[in-house]
Amino acid sequence: MTITIYGIRNCDTMKKARSWLDSHDIAYDFHDYKVAMIERPVLETRGQVLVGFKPEVYASALRTPA
């Protein structure tokens, strides 16, 4: 199983999460938003994750007129 955790390295909550994973010997990849920004926006709906913005994709996923 591949685990990727996304966040900002200096965030206190991220530090706690990474520390917990480390203390439980759980391997993970860390994606630092400050170093390699992901494409935005990210929209989650009905079990789908849409990355970036295209009106036709939003319309299809949300079942609204384009």
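Arg46 lies in the loop between β3 and β4. The model described here is a predicted one. In this model Arg46 has a positive phi of about 50°, although the residue is not a glycine. Most residues other than glycine have a negative phi. Arg46 counts as exposed, because its relative accessibility is 58% and the cut-off for exposed is over 50%. The loop belongs to a hairpin of β3 and β4, with 2 residues between the strands.

The two strands of this hairpin were examined next. Strand β3 covers residues 42–45, and strand β4 covers residues 48–51. The strands run antiparallel and are joined by 4 bridges. Val42 is found in β3, and Val51 is found in β4. Within the pairing, Val42 stands opposite Val51.

Both valines are partly exposed. For Val42 the relative accessibility is 45%, so the residue counts as partly exposed. For Val51 the relative accessible area is 49%, so Val51 is partly exposed too. Val42 and Val51 share a nonpolar surface patch with Val49. Together the three residues of the patch have about 250 Å² of accessible area. In soluble globular proteins, nonpolar side chains tend to be buried together. The patch of Val42, Val49 and Val51, by contrast, is on the surface.

Val51 has further partners. With neighbours within four places in sequence left aside, Val51 is in contact with Glu39 and Pro41. Ile5 was also compared with Val51. The two residues are 46 residues apart in sequence, and their C-alpha atoms are 17 Å apart in space.

The hairpin also meets a helix. Helix α2 spans residues 55–62. Its buried residues are Tyr58, Ala59 and Ala61. These buried residues of α2 pack against both β3 and β4. An α-helix has 3.6 residues a turn, so residues three or four places apart point the same way. After α2 comes Arg63, whose phi is positive, near 55°.

A second pair of strands is formed by β1 and β2. Strand β1 comprises residues 4–7, and strand β2 comprises residues 29–32. These strands pair in the parallel sense, over 4 bridges. Thr4 has Asp29 in β2 as its bridge partner. Tyr6 stands opposite His31 in β2.

In a regular strand the side chains alternate between the two faces of the sheet. Strand β2 shows such alternation. Phe30 and Asp32 point to one face and are buried. Asp29 and His31 point to the other face and are not buried. Strand β1 has two faces as well. Ile5 and Gly7 make up the covered face, while Thr4 and Tyr6 make up the uncovered one.

Which residues form the largest nonpolar core? The core has 5 residues: Ile5, Met14, Leu21, Tyr28 and Phe30. Ile5 is on the covered face of β1, and Phe30 is on the buried face of β2. Leu21 was followed in more detail. Leaving aside neighbours within four places in sequence, Leu21 is in contact with Ile5, Ile26 and Tyr28. Among these partners, Ile5 and Tyr28 belong to the core.

The search for salt bridges gave a count of 1. The side chains of Arg9 and Asp32 meet in this bridge, at 3.8 Å from N to O. Arg9 lies in the loop between β1 and α1, and Asp32 lies in β2, so the pair ties together parts that are 23 residues apart in sequence. The two partners were compared for burial. Arg9 has 42% relative accessibility, so Arg9 counts as partly exposed. Asp32 has a relative accessible area of 10%, so Asp32 is buried.

Another positive phi occurs in the loop between α1 and β2. Asp25 is found in this loop. The phi of Asp25 is near 55°, a positive value in a residue other than glycine. Is Asp25 buried or exposed? Asp25 is exposed, because its relative accessible area is 71% and exposed means over 50%.

Definitions and conventions:
Residues are numbered from 1 along each chain as its sequence is written. This is a predicted model: local features need pLDDT of at least 70, side-chain atom pairs count only at pLDDT 80 or more; totals for chains, interfaces and linings use all residues. Side-chain values use heavy atoms; hydrogens and water are left out. Patches are made of residues with over 30% relative accessible area and no salt bridge: like charges are joined within 9 Å, nonpolar side chains (Val, Leu, Ile, Met, Phe, Trp, Tyr) within 5 Å. Accessible areas come from the Shrake-Rupley method with a 1.4 Å probe; for residues, only the protein chains shown count as cover. A salt bridge is a side-chain nitrogen of Lys or Arg within 4 Å of a carboxyl oxygen of Asp or Glu. Buried means under 20% relative accessible area, exposed over 50%, partly exposed in between (1.4 Å probe, protein chains only). Two strands pair if DSSP finds at least two bridges between them. Contact means heavy atoms within 4.5 Å. A nonpolar core is a set of buried Ala, Val, Leu, Ile, Met, Phe, Trp, Tyr and Cys residues joined through side-chain atoms within 4.5 Å.
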